[in-house]
Amino acid sequence: MLYQYLNGTNWRHIYIVGDLHGCRTLLDRQLLAARFDQQEDLLISVGDLIDRGPDSLGCLRLLAEPWFRSVRGNHEEMALNALQQNETLLWKMNGGDWFWRLNAEQRDEAQRALIQCQTLPLILHINLEERTVVVAHADYPAAHYAYEQPVNEYDVVWGRERIHRLQRGQGEIITGADDFYFGHTPLDQPLSGWNQHFIDTGAVFGNQLTLIKIQ
(Lines give C-alpha, C1' and ligand atoms only; values in the text may rest on other atoms or scores of the structure.)
Protein backbone atom coordinates (compact mmCIF):
# COMPACT_ATOMS: atom_id res chain seq x y z
CA MET A 1 0.00 0.00 0.00
CA LEU A 2 1.45 3.36 -1.03
CA TYR A 3 -1.02 5.77 0.63
CA GLN A 4 -3.45 5.51 3.54
CA TYR A 5 -6.02 8.16 4.49
CA LEU A 6 -6.87 9.03 8.12
CA ASN A 7 -9.66 11.35 9.24
CA GLY A 8 -8.36 13.21 12.27
CA THR A 9 -11.84 13.90 13.65
CA ASN A 10 -11.95 10.26 14.81
CA TRP A 11 -9.51 11.04 17.64
CA ARG A 12 -9.15 13.57 20.46
CA HIS A 13 -5.38 14.00 20.17
CA ILE A 14 -2.94 12.73 17.53
CA TYR A 15 0.80 12.29 18.17
CA ILE A 16 3.68 11.47 15.84
CA VAL A 17 6.75 9.68 17.20
CA GLY A 18 10.24 9.41 15.72
CA ASP A 19 12.09 6.18 14.92
CA LEU A 20 11.58 3.75 17.82
CA HIS A 21 14.21 1.11 16.98
CA GLY A 22 13.11 -1.15 19.81
CA CYS A 23 12.87 1.58 22.48
CA ARG A 24 9.45 0.54 23.79
CA THR A 25 10.13 1.60 27.39
CA LEU A 26 11.08 5.11 26.29
CA LEU A 27 7.86 5.33 24.27
CA ASP A 28 5.71 4.13 27.16
CA ARG A 29 7.25 6.79 29.43
CA GLN A 30 6.58 9.51 26.86
CA LEU A 31 2.97 8.44 26.42
CA LEU A 32 2.46 8.37 30.18
CA ALA A 33 3.91 11.87 30.52
CA ALA A 34 1.65 13.11 27.70
CA ARG A 35 -1.40 11.51 29.37
CA PHE A 36 -2.06 9.56 26.19
CA ASP A 37 -5.54 8.00 26.27
CA GLN A 38 -5.71 4.72 24.37
CA GLN A 39 -9.47 5.07 24.03
CA GLU A 40 -9.45 8.55 22.49
CA ASP A 41 -5.97 9.30 21.09
CA LEU A 42 -3.88 8.09 18.15
CA LEU A 43 -0.13 7.49 17.89
CA ILE A 44 1.55 7.53 14.47
CA SER A 45 5.09 6.23 13.88
CA VAL A 46 7.42 7.41 11.12
CA GLY A 47 8.64 3.81 10.78
CA ASP A 48 11.70 1.81 11.88
CA LEU A 49 9.99 0.14 14.81
CA ILE A 50 12.72 -2.47 15.02
CA ASP A 51 16.48 -3.11 15.30
CA ARG A 52 19.36 -1.82 17.45
CA GLY A 53 17.31 -1.21 20.61
CA PRO A 54 16.39 -3.52 23.50
CA ASP A 55 12.79 -4.47 22.64
CA SER A 56 12.05 -4.80 18.93
CA LEU A 57 9.37 -7.39 19.65
CA GLY A 58 7.65 -5.03 22.08
CA CYS A 59 7.56 -2.35 19.40
CA LEU A 60 6.18 -4.80 16.83
CA ARG A 61 3.36 -5.58 19.25
CA LEU A 62 2.18 -2.00 18.77
CA LEU A 63 0.92 -3.05 15.33
CA ALA A 64 -1.92 -4.94 17.03
CA GLU A 65 -3.09 -1.87 18.98
CA PRO A 66 -6.14 0.02 17.65
CA TRP A 67 -4.61 3.33 18.80
CA PHE A 68 -1.43 2.91 16.72
CA ARG A 69 -0.55 3.47 13.06
CA SER A 70 2.80 3.37 11.27
CA VAL A 71 4.36 3.82 7.88
CA ARG A 72 6.94 1.28 6.69
CA GLY A 73 10.58 2.14 7.33
CA ASN A 74 13.75 0.86 5.72
CA HIS A 75 14.42 -1.48 8.67
CA GLU A 76 11.05 -3.17 8.10
CA GLU A 77 12.02 -3.41 4.42
CA MET A 78 15.32 -5.09 5.32
CA ALA A 79 13.52 -7.51 7.62
CA LEU A 80 11.01 -8.44 4.92
CA ASN A 81 13.80 -9.03 2.41
CA ALA A 82 15.58 -11.24 4.92
CA LEU A 83 12.50 -13.33 5.70
CA GLN A 84 11.11 -13.62 2.20
CA GLN A 85 14.23 -13.68 0.03
CA ASN A 86 16.78 -14.97 2.55
CA GLU A 87 18.84 -11.77 2.18
CA THR A 88 19.83 -11.75 5.84
CA LEU A 89 23.28 -10.13 5.76
CA LEU A 90 22.15 -6.51 5.31
CA TRP A 91 19.54 -6.83 8.05
CA LYS A 92 21.98 -8.42 10.50
CA MET A 93 24.57 -5.73 9.76
CA ASN A 94 21.99 -3.06 10.61
CA GLY A 95 20.75 -4.40 13.93
CA GLY A 96 18.54 -7.31 12.88
CA ASP A 97 20.48 -9.87 14.92
CA TRP A 98 17.91 -9.59 17.75
CA PHE A 99 15.55 -11.77 15.69
CA TRP A 100 17.86 -14.80 15.89
CA ARG A 101 18.31 -14.38 19.65
CA LEU A 102 14.58 -14.89 20.31
CA ASN A 103 13.25 -18.23 21.50
CA ALA A 104 11.10 -20.21 19.09
CA GLU A 105 7.77 -18.87 20.35
CA GLN A 106 8.96 -15.25 20.27
CA ARG A 107 10.48 -15.69 16.83
CA ASP A 108 7.20 -17.01 15.46
CA GLU A 109 5.40 -13.98 16.92
CA ALA A 110 8.01 -11.58 15.51
CA GLN A 111 7.88 -13.20 12.09
CA ARG A 112 4.09 -12.88 11.92
CA ALA A 113 4.31 -9.20 12.88
CA LEU A 114 7.08 -8.53 10.38
CA ILE A 115 5.11 -10.16 7.56
CA GLN A 116 2.22 -7.89 8.58
CA CYS A 117 4.53 -4.94 7.84
CA GLN A 118 3.94 -5.67 4.16
CA THR A 119 0.51 -4.11 4.60
CA LEU A 120 1.81 -0.88 6.16
CA PRO A 121 1.45 2.18 3.93
CA LEU A 122 4.49 4.12 2.81
CA ILE A 123 2.63 7.43 3.16
CA LEU A 124 -0.02 8.43 5.68
CA HIS A 125 -2.39 11.28 4.79
CA ILE A 126 -3.97 12.82 7.90
CA ASN A 127 -6.88 15.16 7.31
CA LEU A 128 -7.23 17.53 10.26
CA GLU A 129 -9.86 20.20 10.76
CA GLU A 130 -7.85 23.02 9.20
CA ARG A 131 -4.79 21.36 7.65
CA THR A 132 -3.39 18.27 5.97
CA VAL A 133 -0.42 16.43 7.49
CA VAL A 134 1.63 13.81 5.63
CA VAL A 135 3.86 11.20 7.28
CA ALA A 136 6.49 9.11 5.49
CA HIS A 137 9.67 7.45 6.64
CA ALA A 138 12.41 9.29 4.75
CA ASP A 139 10.99 11.74 2.21
CA TYR A 140 8.15 12.71 -0.06
CA PRO A 141 10.13 12.82 -3.32
CA ALA A 142 8.11 15.37 -5.25
CA ALA A 143 7.71 19.15 -5.32
CA HIS A 144 3.92 18.87 -5.07
CA TYR A 145 1.89 16.49 -2.89
CA ALA A 146 -1.30 14.83 -4.06
CA TYR A 147 -3.05 11.89 -2.42
CA GLU A 148 -2.44 8.67 -4.38
CA GLN A 149 0.01 10.42 -6.71
CA PRO A 150 2.69 7.95 -7.89
CA VAL A 151 6.14 8.67 -6.40
CA ASN A 152 9.46 6.82 -6.24
CA GLU A 153 8.85 4.29 -3.46
CA TYR A 154 12.55 3.68 -2.82
CA ASP A 155 13.09 7.38 -2.09
CA VAL A 156 10.07 7.47 0.24
CA VAL A 157 11.72 4.80 2.42
CA TRP A 158 15.46 5.42 1.90
CA GLY A 159 15.98 8.93 0.48
CA ARG A 160 18.22 11.48 2.19
CA GLU A 161 18.65 14.13 -0.49
CA ARG A 162 16.01 16.46 0.98
CA ILE A 163 17.33 16.40 4.55
CA HIS A 164 20.91 16.88 3.36
CA ARG A 165 19.81 19.96 1.46
CA LEU A 166 17.93 21.23 4.49
CA GLN A 167 21.04 20.77 6.64
CA ARG A 168 22.84 23.07 4.18
CA GLY A 169 20.07 25.66 4.53
CA GLN A 170 18.55 24.85 1.15
CA GLY A 171 15.05 23.73 0.30
CA GLU A 172 11.53 24.71 -0.59
CA ILE A 173 7.95 24.10 0.48
CA ILE A 174 6.27 20.93 -0.75
CA THR A 175 2.98 22.25 -2.06
CA GLY A 176 -0.30 20.39 -1.70
CA ALA A 177 -0.18 19.75 2.08
CA ASP A 178 0.56 21.81 5.17
CA ASP A 179 3.15 19.74 7.04
CA PHE A 180 5.33 16.70 6.35
CA TYR A 181 6.89 14.54 9.08
CA PHE A 182 9.82 12.22 8.41
CA GLY A 183 12.31 10.09 10.36
CA HIS A 184 15.13 7.89 9.02
CA THR A 185 18.15 10.17 9.60
CA PRO A 186 19.21 10.37 13.28
CA LEU A 187 19.68 13.93 14.54
CA ASP A 188 20.61 15.52 17.86
CA GLN A 189 17.35 17.45 17.83
CA PRO A 190 14.36 17.80 15.49
CA LEU A 191 15.08 19.68 12.28
CA SER A 192 12.39 21.77 10.57
CA GLY A 193 12.52 23.86 7.44
CA TRP A 194 9.81 25.18 5.15
CA ASN A 195 6.95 22.73 5.87
CA GLN A 196 9.10 19.66 6.57
CA HIS A 197 9.93 18.19 9.98
CA PHE A 198 12.56 15.51 10.58
CA ILE A 199 12.00 13.92 13.99
CA ASP A 200 14.36 10.94 14.32
CA THR A 201 16.42 12.19 17.25
CA GLY A 202 18.38 8.98 17.73
CA ALA A 203 16.64 7.66 20.84
CA VAL A 204 18.33 4.29 20.37
CA PHE A 205 21.72 6.04 20.62
CA GLY A 206 20.89 7.61 24.00
CA ASN A 207 19.13 10.78 22.86
CA GLN A 208 15.60 11.94 23.49
CA LEU A 209 12.67 10.20 21.79
CA THR A 210 10.70 12.88 19.96
CA LEU A 211 6.92 12.88 20.36
CA ILE A 212 4.98 15.61 18.52
CA LYS A 213 1.33 16.47 19.14
CA ILE A 214 -0.37 17.55 15.91
CA GLN A 215 -3.95 17.62 17.22
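Here are some notes on two sets of strands and one helix in this predicted model.

1. Start with strand 7, residues 179–182. Asp-179 and Tyr-181 point one way from this strand, while Phe-180 and Phe-182 point the other way. Both pairs are buried. That fits the usual picture: in a regular strand the side chains alternate between the two faces of the sheet.

2. Strand 7 has partners in strand 6 and strand 9. Strand 6 (residues 132–136) runs parallel to strand 7, and 3 bridges join the two. Strand 9 (residues 196–198) is also joined to strand 7 by 3 bridges, and this pair runs parallel as well.

3. If you want one residue to click on here, try Phe-180. Phe-180 is the bridge partner of Val-134, and its bridge partner in strand 9 is Gln-196. Phe-180 is also one of the buried residues of strand 7.

4. Next, the open sheet. It has 4 strands in the order 4-3-2-10, and the pairing is mixed. Strand 4 (68–70) and strand 10 (211–213) are the edge strands, each pairing on one side only. On average, neighbouring strands of this sheet are turned by 25° against each other, with direction ignored.

5. Within that order, strands 2 and 3 sit next to each other. Strand 2 (residues 14–17) pairs with strand 3 (residues 42–45) in the parallel sense, over 4 bridges. For a handle on the register, look at Ile-16, which stands opposite Ile-44 in strand 3.

6. Now helix 4, residues 88–96. Which of its residues are buried? They are Thr-88, Trp-91, Gly-95 and Gly-96. These residues lie on the same side of helix 4 because they cover an arc of only 70° around the axis. The face turned away from that buried side carries Leu-89 and Met-93, which are exposed.

7. What covers the buried residues of helix 4? The cover includes helix 3 (74–85), helix 5 (98–101) and helix 6 (104–116).

8. Finally, a closer look at Gly-96 in helix 4. Its relative accessibility is 0%, so Gly-96 counts as buried, the cut-off being under 20%. Leaving aside neighbours within four places in sequence, Gly-96 is in contact with Asp-51 and Trp-91. Trp-91 is itself among the buried residues of helix 4. As for Ala-82, that residue is 14 residues from Gly-96 along the chain, and their C-alpha atoms are separated by 9.4 Å.

Key: Residues numbered from 1 in each chain as written. Predicted model: local features only at pLDDT ≥ 70, side-chain atom pairs only at ≥ 80, totals over all residues. Heavy atoms only, no water. Buried < 20%, exposed > 50% of the residue type's maximum accessible area, 1.4 Å probe, protein only. Pairing = 2+ DSSP bridges. Axes fitted to C-alpha atoms, helices over the stretch in contact; angles between N-to-C directions. Arc of directions from axis to C-beta. Contact = heavy atoms within 4.5 Å.
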